[in-house]
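User: I'm new to this one and would like a walk through it. Could we take it piece by piece, with questions as we go?

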Amino acid sequence: MQPSSIDSDLTHSSLRGQFLIAMPGMQDPRFHQAVAFVCEHGPEGTMGIVINDPSKVTWKQVFAQLSLDDTSLRSDEPVLVGGPVAQEQGFVLHGRGMQFASTAEVSDEISLTASKDIIESLACGRGPDDVLLALGYAGWGPGQLEQEITENAWLTLPAEPEILFATPWEKRWQTAAARHGIDLSGMGSQSGHA
C-alpha cells in the first residue's frame, strides 16, 4: 500500500475519539489486550489513554499525595496505567459538561482534563460522575500508528461512553469489540481492521 493511500484511508482527524483495540497478535507486551481511547491524532502523532490496565495505585493514594481530603466514594478504585509515557502525569477522561482549567473536548460525549482542579473536585465528591483517572499516556510518532494499523496490530472502533465509564476494566477489551459483532477470541494476528 502506498503511503498516500494510507493517509487517504486514515485521515489525521479520523481516529480522534475512537477506540484502539489491541489485536490478539499484538507483539508489544505493554499493549497486550489493551483498549486505548484516542485523545489526539494529527500530523505530529497520536496520543491515547489505555483504559483497561489498572495500577497498584488507588484514588485514595492520589488524593493523599496531593494533600486532599477524600470525601469521594472512589477511594479504593485503582488508578489506570494510561500508557508508558509520562507516568507521573495524571489524565482524567470524563463525560462532557463540567469544565476545568485544562479541559479539552475530545468527542461529543467525552472530555480530557489534566489539571489539578478536577482531582480536587473528585476528592470532594463533586464530580464529574463519569470519570476515569489514569497515570501516563500512550504516544505514537507521525505515521507510526497508521503503520501499526496496516500491520494489523490494532482494530479501530467508535468509542462508547458506556465502555469507558460503566464497563468493568477487565471486560473492556472483549466488550468493546463484541458491541460491533467482533469476537476477538476467534481472531489471529492476521485479521484486518474495521
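**Strands, salt bridges and pockets**

Analyst: Let's start with one pair of residues: Val92 stands opposite Leu133 in E9. Keep in mind that this is a predicted model.

User: How many bridges join E6 to E9, and which way do they run?

Analyst: Val92 facing Leu133 in E9 is a good place to start. E6 and E9 run antiparallel, and the number of bridges joining them is 6.

User: Which strand pairs with E6 over 4 bridges?

Analyst: Look at Gly95, whose bridge partner is Ile110. Ile110 sits in E8. The pairing is antiparallel, and the strand, covering residues 110-113, is E8.

User: What is the bridge partner of Ala22 in E10?

Analyst: E1 and E10 pair in the antiparallel sense, over 5 bridges. Within E10, the partner of Ala22 is Trp154.

User: How many of the residues of strand E10 are buried?

Analyst: Strand E10 spans residues 154-158 and is mostly covered. Counting as buried takes a relative accessible area under 20%. Of the 5 residues in E10, the number that are buried is 4.

User: On to salt bridges. Which residue forms a salt bridge with Arg16, and why does the pair tie together parts that are apart in sequence?

Analyst: The closest N and O atoms of Arg16 and its partner Glu40 are 2.8 Å apart. Arg16 lies in the loop between helix H1 (3-9) and strand E1 (18-22), while Glu40 is in strand E2 (residues 35-42), so the pair ties together parts that are 24 residues apart in sequence. Arg16 is partly exposed at 30% relative accessible area, and likewise partly exposed, at 38%, is the partner asked about, Glu40.

User: Is Arg30 buried or exposed?

Analyst: The side chain of Arg30 meets that of Asp28 in a salt bridge, at 2.7 Å from N to O. Exposed means over 50% relative accessible area. With a value of 53%, Arg30 is exposed.

User: How about Arg74: buried or exposed?

Analyst: Arg74 and Glu77 join their side chains in a salt bridge of 3.5 Å, N to O. Glu77 has 32% relative accessibility and counts as partly exposed. Arg74 has a relative accessible area of 18%, and the cut-off for buried is under 20%, so Arg74 is buried.

User: How many salt bridges does the structure hold?

Analyst: Besides the pairs we've met, Glu160, Glu162 and Arg179 are linked in a network of salt bridges. For the structure as a whole, the number is 6.

User: Now the polar contacts. Which side chain makes a polar contact with the side chain of Ser75?

Analyst: Ser75 is in the loop between H2 and E5. At 16% relative accessibility, Ser75 counts as buried. The contact spans 2.3 Å, and the partner side chain is that of Asp70.

User: And which side chain does a polar contact join to that of His41?

Analyst: His41 lies in strand E2. His41 is buried, with a relative accessible area of 4%. The polar contact is 2.7 Å, and the side chain at its other end belongs to Glu146.

User: Pockets next. Which element gives the most to the lining of the largest pocket?

Analyst: About 310 Å³ of space lies in the largest pocket. It is lined by 19 residues, and the closest to its centre are Val62, Leu66, Glu88, Gly90 and Leu135. Two or more lining residues come from each of helix H2 (59-65), strand E6 (85-95), helix H3 (116-123) and strand E9 (131-140). The element that gives the most, with 6 residues, is E6.

User: How many residues of the lining of the largest pocket are nonpolar?

Analyst: Sort that lining into classes, and you get 7 polar residues and 2 charged ones. The nonpolar residues number 10.

User: Where does the largest share of the lining of the second largest pocket come from?

Analyst: The second largest pocket holds about 240 Å³ of space. Strand E5 (78-81) and E9 each supply at least two residues of its lining. The largest share is 3 residues, and it comes from E9.

User: How many charged residues are in the lining of the second largest pocket?

Analyst: There are 14 lining residues, and nearest the centre lie Arg74, Glu77, Val131, Leu132 and Arg172. Arg74 and Glu77 are the salt-bridge pair from before. By class the lining has 8 nonpolar residues and 1 polar, and the charged ones number 5.

Terms used:
Residues are numbered from 1 along each chain as its sequence is written. This is a predicted model: local features need pLDDT of at least 70, side-chain atom pairs count only at pLDDT 80 or more; totals for chains, interfaces and linings use all residues. Side-chain values use heavy atoms; hydrogens and water are left out. A salt bridge is a side-chain nitrogen of Lys or Arg within 4 Å of a carboxyl oxygen of Asp or Glu. Buried means under 20% relative accessible area, exposed over 50%, partly exposed in between (1.4 Å probe, protein chains only). Two strands pair if DSSP finds at least two bridges between them. On a 1 Å grid over the protein atoms alone, a cavity is a set of points where a 1.4 Å probe fits but cannot get out, and a pocket is an open set with protein on both sides within 12 Å along at least five of seven lines; lining residues have an atom within 4 Å of a point. Grid points are joined across faces, edges and corners, and a volume is the space filled by probe spheres set on the points. Ala, Val, Leu, Ile, Met, Phe, Trp, Tyr, Cys and Pro count as nonpolar, Asp, Glu, Lys and Arg as charged, and the others, Gly among them, as polar. A polar contact is a pair of N or O atoms within 3.5 Å; within protein, one must be able to donate a hydrogen and the other to accept it, and residues adjacent in sequence count only if both atoms are side-chain atoms.
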